[in-house]
Amino acid sequence: MTVNLPTPASPFNIGTRGSPLALAQAHETRARLMAAFDLPENAFEICVIKVTGDAIQDRPLKEIGGKGLFTREIEEALLDGSIDIAVHSMKDMPVEQPGGLLLDTYLPREDVRDAFVSLSAKGLNDLAQGATVGTSSLRRRSQLLAKRPDLNIVEFRGNVQTRLKKLGDGVAEATFLAMAGLNRLHMTDVPRTAIAPEDMLPAVAQGAIGIERRGDDHRAAEMLAAIHDGPTGQRLAAERAFLAHLDGSCETPIGGLAELDGGALRLRGEILRTDGSAVFADDVSGAIEDGAEMGRAMAAKLLAQAGPDFFS
């Protein structure tokens, strides 16, 4: 098939959220497509779409409810043809997609680790008894309470710049961000310390960019195939199968990470009570092609250990 490539007169529309990080991810996608097909920048248009998760900043995500807080409006624009593709942070993506849409393209994964960010402390162990820490992530909150139940954890919403301002204003002594976001925004001046996955298992698909398209859009499919990163897809197949079997969302504290080593895949996963009082974790290795089944089996094992009302 010969691709009917976009032109400045008929650009390829890329849908995204409007945060600085979301725009950086859309720009990376555009740059990779430009390079793959030798196209000028104005053969693409970045379309900013407001989403529910960004519009509501005064309440925790778990109180807003539902899945797709950062994706729903973008997917609606994709379905009605307003945009050609949608660029997402994969850790925001529900495991189930609307009918007619496919998510089968991933860019090379960035650093998966969480970052400890503070203007005064170097790490979690440096925080005084009862120190105030800010986070909007239920996973991070639960992991922190499991390690340091003495901490006072407050809600911390907003982009990187907003959260840093809150630290400067003394709202909290520390917060947590994704290393991937800081790297993609080239924010080398942010005082951060990377946290090993052994100390804080990241969110499923953290550090990965996914690109969604309409299932019947063959032009988009062929263009995206040129920039798809296979190893990232293999890792996410395992992680998202784990998440899917747990029925995970922003309202459930879950960590998961798959890593490749030659022909083998290592998968780590954990589920936590929201108050940090219980953690169930597993660590398995197997063939890469068995990653999705490994994810489902791990989820079933952890759920059996935790019991039916664990997330209640």
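Biologist: What makes strand β6 (residues 132–134) and β7 count as a pair?
Modeller: Three bridges join β6 and β7 in the parallel sense, and two strands pair if DSSP finds at least two bridges between them, so the criterion is met. Within this pair, Gly 134 stands opposite Val 154 in β7. The model is predicted, so local features need pLDDT of at least 70 and side-chain atom pairs count only at pLDDT 80 or more, whereas totals for chains, interfaces and linings use all residues. Residues are numbered from 1 along each chain as its sequence is written, and side-chain values use heavy atoms, without hydrogens and water.

Biologist: Why are β7 (152–154) and β9 (192–195) said to stand at the edges?
Modeller: The open sheet has the order β7-β6-β8-β5-β9, with mixed pairing. β7 and β9 each have a single partner strand, so one side of each is left without a neighbour in the sheet. From one strand to the next, the twist averages 30 degrees.

Biologist: How do you know that helix α6 (residues 160–168) packs on this sheet?
Modeller: Helix α6 touches β5 (114–117) and β8 (174–178), where contact means heavy atoms within 4.5 Å. Its direction makes about 165 degrees with that of β8; such angles run from 0 to 180 degrees between N-to-C directions, with axes fitted to C-alpha atoms, for helices over the stretch in contact.

Biologist: What makes β2 (44–48) and β4 (101–106) edge strands?
Modeller: In the open five-stranded sheet β2-β1-β3-β10-β4, β2 and β4 each pair on one side only. The partner of β2 is β1 (residues 12–16), joined to it in parallel by five bridges, and Asn 13 stands opposite Glu 45 in β2. Helix α1 (residues 20–37) lies across β1, β2, β3 (85–89) and β10 (209–214), at about 165 degrees to β2.

Biologist: How many helices and strands does the protein chain have?
Modeller: There are ten helices and 13 strands, each a DSSP run numbered from the N terminus (helices H or I, at least four residues; strands E, at least two).

Biologist: Why is the protein chain called as compact as a globular protein of its length?
Modeller: Its radius of gyration is 20 Å, close to the 20 Å that the globule rule gives for 312 residues, so the description applies. The radius is taken over C-alpha atoms, and the rule is 2.2 Å times the number of residues to the power 0.38. Along its principal axes, the C-alpha trace spans about 60 × 45 × 35 Å.
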